[in-house]
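Let's take a walk through this one together, a few spots at a time. Here is what you'll be looking at.

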Amino acid sequence: MKKILKYLKDYRKESILAPLFKMLEASFELLIPLVVAAIIDTGIPNRDNSYIIRMCAIMIALGIIGLTCSLTAQYFSARAAVGFATKLRHALFSHIQSLSFTEMDTIGTSTLITRMTSDVNQVQSCVNMVLRLFLRSPFIVLGAMVMAFTIDWEAALVFVVTIPLLCIVVFGVMLVTMPLYKKVQAGLDKVLGITRENLTGARVIRAFNKEESEIRYFTNHNQLLTAMQVHVGKIAALTNPFTYIIINGAIVVLIYIGAVRVESGILLQGQVVALVNYMSQILVELIKMADLIVNITKSVACGDRIQSIFETETSISVTEKKEGWDKKETDSYAVEWDHVCLTYQGAGAESLTDINLKVRKGQTVGVIGGTGSGKTSLIHLIPRFYDVTKGTIKINGIDVRDYPIEELRRKIGIVMQKAVLFKGTIRENLLWGNKEATEEELWEALETAQAKEIVEGKEGGLDSNIAQGGKNLSGGQRQRFTIARALVRKPEILILDDSASALDYATDAKLRKAIRERKEQMTVFIVSQRTSSIQYADQIIVLDDGIAVGVGTHQELLQTCPVYQEIYYSQFPKEEQ
């Protein structure tokens, strides 16, 4: 929690002025019981109306000045809290973007969303309350005790006993509830994950008529979360009754002592009223303090969870860009796998085992294999979405780990299995590939991706809107736009990871032909389940359980590779040959 407070450093002025104005307000508030005592002990017995009016005017003035100080403090505290939360979100989002696929897989999307939203909001609320109350409440409590001593030291001893008892209650509840709030936030993560999964897969759930079972599943976890919140809420709720018991007991003792001392002529009635007012102020402030402690408890748990994300280091080491690094590039091979092995974090076995491959520049390479054979793992090593466990991968003769990450990924255009588009226009989505791309280059990429007719058929052309996730497009249209986005970059290496699965055979063939005919000599990797999509590739890599069981052309593999034969003949029976 302490480490994330560094984002408050740009708001030092606000962080100092907010509590100062709050304590100034508290100072005026502490004077009001004395003014009331003066009215009761001097103005009323002497029937001095002008004195009473003057004292009332002073009370109103103290109230107005206190209100002004309070509003000023609120402004500074809100400014600091909102600014702090903004910087924290920016830093957290930036750090999340730096994490590799390994950390993203381990932490989970729902957890990261909770950290970015609920946890940051909780910490923001805490900063706001702390700046306003953390010094004000103790100042009022101690100030009320000091003012009580100025009235009568023997009666003030009640304050000396009461305040420690209240502190034991408040801080005792805090120590018990802090670990429980951490469990509540973890339960919230789980509920959020279930919600996100259901919203994403709503159509599948309805298709399989699983609404009722999913509702029951959500309800069970939601009830567990509710039970945890109720449990910690019950403990936190003990704060108020205990503090009221202690305070009211103290007021009873105070009135008794005051009555005895008034009868003895040591105190006046107004002074007793002032003492009771000071005790009431302590009650109000300690209730605020209790709420603040509960808020701090929640926020410390949330802050620790946010800090745990910051402390998660990416497993991808970033190489600084050094002058002349690119002069080491050679024209030998576009991509080389040299005894490459890959084991995912937490996995019990290797996903790729001893891969040795060489791909020349300008070649088209097909990657095929059964489900779970390691096709996507193989090509995800090229842009360093994951790092190899053993061996090396080289691009243009340089180990990918020696490239600055930006330079490495600038060479590569990749189209993932799931076509992801972002809310905005077609133009804005295409410019992700290259923000400096011209209109002509955009249309050229669309034509190659077989998406030109789609854009021409839309009223706004390139400025037509795309809904979030491309929901207003068909699966095939989304895939073609994502391919066009990758082509806009004009990459040295183009990776199509099963990105034409929603295209018909004719469009798929046109796409592959258009890519081959582009003037840039790209090295193209086509990952596909269809042998028709890769049979004309210069080289085909056949994977089986993470092992390259065949490398060669279509005809060579039909003669020598049983796995490729099985895949091919399952799609094209021999009698059709």
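Where is the place of Asp-354? Look in strand 2, which covers residues 352–359. Before going further, keep in mind that this is a predicted model.

**Two residues with positive phi**

Asp-354 has a phi near 45°, a positive value in a residue other than glycine. As for its surroundings, Asp-354 is partly exposed, because its relative accessible area is 42%.

Arg-47 is another residue of this kind: not a glycine, yet with a positive phi, near 50°. Arg-47 sits in the loop between helix 1 (12–43) and helix 2. With a relative accessible area of 73%, Arg-47 is exposed.

While you're in that part of the chain, have a look at Ile-58, which belongs to helix 2 (residues 49–98). Ile-58 counts as partly exposed, since its relative accessibility is 36%. How many residues apart in sequence are Ile-58 and Leu-31? They are 27 residues apart, and from C-alpha to C-alpha the two are 10.0 Å apart in space.

**Salt bridges**

Now for the charged pairs. Side chains of opposite charge can pair when their charged atoms come close. In this model the count comes to 21 salt bridges. Here are three examples, with the N to O distance for each.

| Pair | N to O distance |
|---|---|
| Asp-152 and Arg-261 | 2.8 Å |
| Asp-463 and Arg-427 | 3.1 Å |
| Lys-513 and Glu-517 | 2.7 Å |

Start with Asp-152 and Arg-261, which form a salt bridge. Asp-152 is in the loop between helix 5 (136–151) and helix 6 (153–200), while Arg-261 is in helix 9 (residues 239–263), so this pair ties together parts that are 109 residues apart in sequence. Are these partners buried or exposed? Asp-152 is buried, because its relative accessible area is just 6%, and Arg-261 also counts as buried, at 12% relative accessibility.

Next come Asp-463 and Arg-427, whose side chains meet in a salt bridge. This pair links distant parts of the chain, 36 residues apart: Asp-463 is in the loop between helix 15 (452–456) and strand 8 (465–466), and Arg-427 is in helix 13 (residues 426–430). Asp-463 counts as partly exposed, with 45% relative accessibility. Arg-427 is partly exposed as well, at 22%.

The pair of Lys-513 and Glu-517 lies within helix 17 (residues 505–517). These two residues are separated by about one helical turn, because they are 4 residues apart in that helix. Lys-513 is partly exposed, with a relative accessible area of 43%, whereas Glu-517 counts as exposed at 55%.

Some salt bridges share partners, too: Lys-22, Glu-25, Glu-29, Arg-136, Glu-285 and Lys-288 are joined into one network that way.

**Patches on the surface**

Which residues gather in a patch of positive charge on the surface? They are Arg-196, Arg-203, Lys-418 and Lys-471. To find one of them, go to helix 7 (residues 202–207), where Arg-203 lies. Arg-203 is exposed, given its relative accessible area of 73%.

There is a nonpolar patch on the surface as well, formed by Phe-149, Trp-153, Leu-157, Val-160, Val-161, Leu-165 and Ile-168. Together these residues have about 660 Å² of accessible area. Helix 6 gives the largest share of the nonpolar patch, 6 residues. Val-160 is in helix 6, and at 37% relative accessibility Val-160 counts as partly exposed.

**Cysteines**

One last stop. A disulfide is a covalent bond between the sulfur atoms of two cysteines. How many disulfides does the structure hold? The number is 0. Take Cys-302, which is in no disulfide: the nearest cysteine sulfur is that of Cys-126, 9.3 Å away. A disulfide would need the two sulfur atoms within 2.5 Å, so a distance of 9.3 Å does not qualify. Cys-302 counts as buried, with a relative accessibility of 2%. Cys-69 is buried too, with a relative accessible area of 6%.

Conventions. Residues are numbered from 1 along each chain as its sequence is written. This is a predicted model: local features need pLDDT of at least 70, side-chain atom pairs count only at pLDDT 80 or more; totals for chains, interfaces and linings use all residues. Side-chain values use heavy atoms; hydrogens and water are left out. Patches are made of residues with over 30% relative accessible area and no salt bridge: like charges are joined within 9 Å, nonpolar side chains (Val, Leu, Ile, Met, Phe, Trp, Tyr) within 5 Å. Accessible areas come from the Shrake-Rupley method with a 1.4 Å probe; for residues, only the protein chains shown count as cover. A salt bridge is a side-chain nitrogen of Lys or Arg within 4 Å of a carboxyl oxygen of Asp or Glu. Lys and Arg count as positive and Asp and Glu as negative; His and the chain ends are not counted. The place of a charge is taken as NZ of Lys, CZ of Arg, CG of Asp or CD of Glu. Buried means under 20% relative accessible area, exposed over 50%, partly exposed in between (1.4 Å probe, protein chains only).
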